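Let's take a walk through this fold, strand by strand and helix by helix. Keep the picture open while you read.

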Amino acid sequence: MNNYSESHIYDVLIVGAGPSGASAAYWLAEAGYDVAVVERKHFPREKTCGDGLTPRAVRQLEDMGLGDALTGAHKYYGLRTCGYGRELELRWPEHPSFPPYGYVITRHDLDMLVAERAVKAGAHLFQETEAVEPIIDTSSSPERQPSSGSDIHPQGAQDRLSKLLGIRAKCAKTGQTMDFRARYIILSEGTASRISRSIGAKRDKRLPLGMALRGYYRSPRHDDPFIESHLDVRDENGDILPGYAWIFPLGDGRVNVGVGLITTSGRWKGVNTSKMMDTFIANAPASWGLHPEASCGPATGGRLPMGLSTSPVCGPNVILTGDAAGSINPFNGEGISYGYETGRIAAACMGRALCGGGSDAVYDYGTRIQAAYGNYYKIGRTFVKMISHPEVMHRCVQLGMHSKPFMEWLLSIMANLLLPDSNAPAESMYKILNAVARVAPDPEYLSISIPFTK
C-alpha cells in the first residue's frame, strides 16, 4: 500500500478503481497531477460482467497504451444474433475512430490491467480501502448548479452535490480509519454509490434499469470468432421477455453465459432471473455444450443503471462517473466503454479546474456528458420502453431477423458506432428516429486533452 498521510492534500481523489475510476486516474496521473484512488477490493478480483469489449472500449484501452496487453485476450469480429430459429452474423462496421474488432476478457484480468496502468502513470492506489463517508465542507456557501439544458431531470439539474473536503475510508487489513483529503473528488463507486447518494445523487426510477445474471461454462466453442446474442428469451412458461441472453467465448476453454432483463418504471420486477437463466441454458444451441456438468460455478448477478439515470452528476468540486452516473447504454446494457469515456471526460474537466477553471470547469462535465450521450440515450430510453411490451419485442425481432442489412444498421446504432455526418443507411435510420439528435458523440470526447502540470 502507498504511504498514507492524513495531512496530505491530493489534487484529485477517486473513489473506486473500476473502468471509470481507473481511466480518470490514468489520464490525470499521466498529465502530472497528484492522484489517489481508494478501492474497496484487492486486485485481481471477480466482477459480474459479460466481459465483452466493444470497439469503443478497445479504442479507449489502446489510447491508454494497453493495446499490446490485450493481445492475449480472445479477439472477436462481430455479433451473431439469434431469434425465432434464425441467426445472422454481423461484423463490426468499418469506422474511422474505432477498430473493427473487440475482445472478450474477464473483469478479473481487465480491471487489474487498467489499475496497474494508472499506477504506472503515477497514481497512488490504496486497495482494500473502503470509502465509508464523505467529509463535507460545511463552511461553503450554498450554490446552485447551472442547468445543463437537459430535459432528463428538469428539477434535479438545478441542484448540486455537496462540496467535499475529502473522504473517510477504512482499511480492511488494519481496521484503521483514514481521512483522504483532496481539492477535487471523482466518485466512481459503481452501482452501490453509497457516497454519491449521501451527498445528493439520486437515480430516476422512471428511467431504464437492467438486471443481469452471468456464469462461466466450459465449451467446445470457446474460441468462436463471434459473440452471440439471443433475442427471443423466455420465462419458464415460454412467454417472451423484454431482454436478451448472451454467449461470449473467452478463448481459454470457457464461455461467459448470461441473461439480461431491461425494465422501466418497475415493470417486470417479479421476474426471476435465475429461472430465466436456467430456461435459456436448457434451450441454448447444443453445439455450445451448456449443461450443468460444464458449469464453472454459481451464476452471479447485478443491476445496470442506464441512460444517464442519475442526477446531479457534479457539484462544486465533485464528479460522478460510470455506473455511479447511470451511464450504461440502454440499447445494449454495455457499460465498460462508457466507464472509460466518462472517466476520461471527468479527468479533462478536473484538469481544467486545477489549472484555474475552478467549479465552472467541474460543472462543464454535465454539459459535456449531455453533448456526448444525451440525445443518443434519449432514443435508447424510448427503445427500452417499446421493447418492454412483449408483443412489440416479438414483432420487431421477427421482422428484423429476416433482413441482414437492417440488423447491420441496427447493430451500428445499438453499439454507438455511427459515422459523423454520414447519410449511410444506419445513420439515416438514426436520423429518422430523432431528427434533431446528433448521429455520434463529438470526436473531441474520444481524444480529449488534459492540461499538463509536467
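Start with β4 and strand β7 (residues 102-104), which pair in the antiparallel sense over three bridges. To count as a pair, two strands need at least two bridges found by DSSP. The names come from DSSP too: helices are H or I runs of at least four residues, strands are E runs of at least two, and numbering goes from the N terminus. If you want one spot to look at, find Y76, which sits opposite G102 in β7.

A quick word on what you're looking at: this is a predicted model, where local features need pLDDT of at least 70, side-chain atom pairs count only at pLDDT 80 or more, and totals for chains, interfaces and linings use all residues. Residues are numbered from 1 along each chain as its sequence is written, and side-chain values use heavy atoms, with hydrogens and water left out.

Now zoom out a little. That pair belongs to an open sheet of three strands, ordered β3-β7-β4 with antiparallel pairing. The edges are β3 (52-53) and β4 (74-76); each has a single partner strand, so one side of each has no neighbour in the sheet.

There's also an open sheet of seven strands, and its order is β6-β5-β14-β15-β16-β13-β17, with mixed pairing. Here β6 (86-91) and β17 (300-305) take the edge places with a single partner strand each, so one side of each is left without a neighbour in the sheet. On average, neighbouring strands of this sheet are turned by 20° against each other, direction ignored. Inside it, strand β13 (residues 209-218) and strand β16 (residues 254-263) pair in the antiparallel sense over 10 bridges. In β16, G260 is the bridge partner of A212.

Two helices lie across strands of this sheet. Contact here means heavy atoms within 4.5 Å, and angles run from 0 to 180 degrees between N-to-C directions, using axes fitted to C-alpha atoms (for helices, over the stretch in contact).

| Helix | Lies across | Angle |
|---|---|---|
| α5 (residues 273-283) | β13, β14 (227-230), β15 (243-249) and β16 | about 130° to β16 |
| α8 (residues 404-414) | β5 (78-83) and β6 | about 50° to β6 |

Finally, helices pack on each other too. Helix α1 (residues 19-30) and helix α3 (residues 107-121) pack at about 20°, with axes 7 Å apart. That makes α1 roughly parallel to α3, a label for angles under 35 degrees. Among the residues making the contact are A22 and Y26 of α1 and V114 and A118 of α3.

Technical notes. Angles under 35 degrees count as roughly parallel, over 145 as roughly antiparallel, 65 to 115 as roughly perpendicular and the rest as oblique.
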